[in-house]
Amino acid sequence: MTILALTGGVGGAKLSLGLSHVLEPNEVTFVVNVGDDFEHMGLSISPDVDTLTYTLAAIVNESTGWGRADESWDCLSELENFEADTWFQLGDRDLALHLFRTALLKRGKTLTEVTQTICERLGVEYKIAPVTDSSLRTRVLTAQGSLAFQDYFVRLKCEPEVSAVEYHQRTLASLSPAINTDEITGVVICPSNPFLSIDPILEVDELRSLLINRDFPVVAVSPIVGDRAIKGPTAKMMRELKMPVTCVGVAQHYIELMDGYVIDDADAHQMREIEELGIRVRNAPSIMRSLEDKVALARVCVDFLKELR
Ligand code: FO1
């Protein structure tokens, strides 16, 4: 059994942690969004890869969901004294990881190789693969013009109204060699932002055509509960992109890519509408506060995949 879990951001990392309690390291590969990656003060930043790495290494900052636990901020406050750019907050320990990654990339290692090395050093046994080693970058088209992802997300706090999302250099992106496409027995699409986390992963042609022409089941978990996103700007973006802000709206977005859909208990009344789209549905508690919540939701996904196979 090899399951691919497509993930980006904090919601994806939570379900991924649950999956790591249900599956053995040789049974799952975590395929991570790199559309948020950028260069900041000369450092190569890969936020979604790091969020997942820190989460699986049990050293993530639990209150933000990103960055390191037990963090100190001396470097950032020195930068403030210099009146340098401090809108993107890198703590001291996080900074060490960034220095290490940037140095290895400069020496010619790929992001896949560097991620493997960092996982080994942090004791993460699971395979975390950036979807591609190419520079696939998300840009958000807004009322304030075309914005680089982190400008939109962190600097402007997702405030500008969004009219479209673009993925730059997608045509150059080939799948990371760490992702073995011969042995896939199922795919889980984590409850990450569809436009900012999952779509950029699916912009890698090889992966998208694999999912469209699949001979394995795909299960997605809705990031919308009621008419709200559990975290982040998903609901706001759906409204601005004129989509229905419901789990049905997300189902329509993924329609050609999925066979099974896990929705929250609160949305169980929408099951029939989703089944009419030709998708099988399960409802479950999907708000992941505790480790038990994460493991329980992961188990629902894995059992559902087995049923659909
Ligand atoms: N998110 C913020 O809202 N503000 C930050 O200053 C910030 C810094 C940061 C540093 C390292 C890292 O790995 C993640 C960081 N994030 C920050 C989170 C990140 O921007 C988002 O979680 C993702 O890009 C969206 O999935």
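Helices are DSSP runs of H or I with at least four residues, numbered from the N terminus. The labels H1, H2 and so on follow that count. The model described here is predicted.

**The largest pocket**

The largest pocket has a volume of about 850 Å³. Its lining is made up of 39 residues. Nearest the centre lie Gly9, Val10, Trp66, Phe153 and Lys231. Five helices each give two or more residues to this lining: H1 (9-22), H2 (47-56), H4 (92-106), H6 (149-155) and H7 (194-202). H2 gives the most, with five residues. By class, the lining holds 18 nonpolar, 14 polar and seven charged residues.

**The ligand**

Which pocket holds the ligand? The ligand sits in the largest pocket. A shell of 15 residues surrounds the ligand. The closest are Asp36, Asp48, Phe88, Gln89 and Gln150. Three of these residues appear in the table, each with an N or O atom paired with an oxygen atom of the ligand.

| Residue | Protein atom | Distance to a ligand oxygen atom |
|---|---|---|
| Asp36 | polar side-chain atom | 2.8 Å |
| Gln89 | backbone N or O atom | 2.9 Å |
| Gln150 | polar side-chain atom | 3.0 Å |

Asp36 and Gln150 thus use their side chains, whereas Gln89 uses its backbone. How much of the ligand does the protein bury? Taken alone, the ligand exposes 540 Å², and the protein buries 90% of that.

H2 and H6 are the elements that give two or more residues to the shell around the ligand. The largest share, four residues, comes from H6. For the lining of the largest pocket, by contrast, the top contributor is H2. The shell divides into eight nonpolar, three polar and four charged residues.

**The second largest pocket**

The second largest pocket encloses about 330 Å³ of space. It is lined by 18 residues. Closest to its centre are Lys14, Thr55, Val60, Glu62 and Lys294. Which helix gives the most to this lining? H1 does, with four residues. The lining comprises eight nonpolar, five polar and five charged residues.

**In brief**

The ligand occupies the largest pocket, with 90% of its exposed area buried by protein. H6 leads in the shell around the ligand, H2 leads in the lining of the largest pocket, and H1 leads in the lining of the second largest pocket.

Definitions and conventions:
Residues are numbered from 1 along each chain as its sequence is written. This is a predicted model: local features need pLDDT of at least 70, side-chain atom pairs count only at pLDDT 80 or more; totals for chains, interfaces and linings use all residues. Side-chain values use heavy atoms; hydrogens and water are left out. On a 1 Å grid over the protein atoms alone, a cavity is a set of points where a 1.4 Å probe fits but cannot get out, and a pocket is an open set with protein on both sides within 12 Å along at least five of seven lines; lining residues have an atom within 4 Å of a point. Grid points are joined across faces, edges and corners, and a volume is the space filled by probe spheres set on the points. Ala, Val, Leu, Ile, Met, Phe, Trp, Tyr, Cys and Pro count as nonpolar, Asp, Glu, Lys and Arg as charged, and the others, Gly among them, as polar. A residue is near a molecule or strand if one of its heavy atoms lies within 4 Å of it. A polar contact is a pair of N or O atoms within 3.5 Å; within protein, one must be able to donate a hydrogen and the other to accept it, and residues adjacent in sequence count only if both atoms are side-chain atoms. Accessible areas come from the Shrake-Rupley method with a 1.4 Å probe; for residues, only the protein chains shown count as cover. A molecule sits in a cavity or pocket if more than half of its atoms lie within 2 Å of its grid points.
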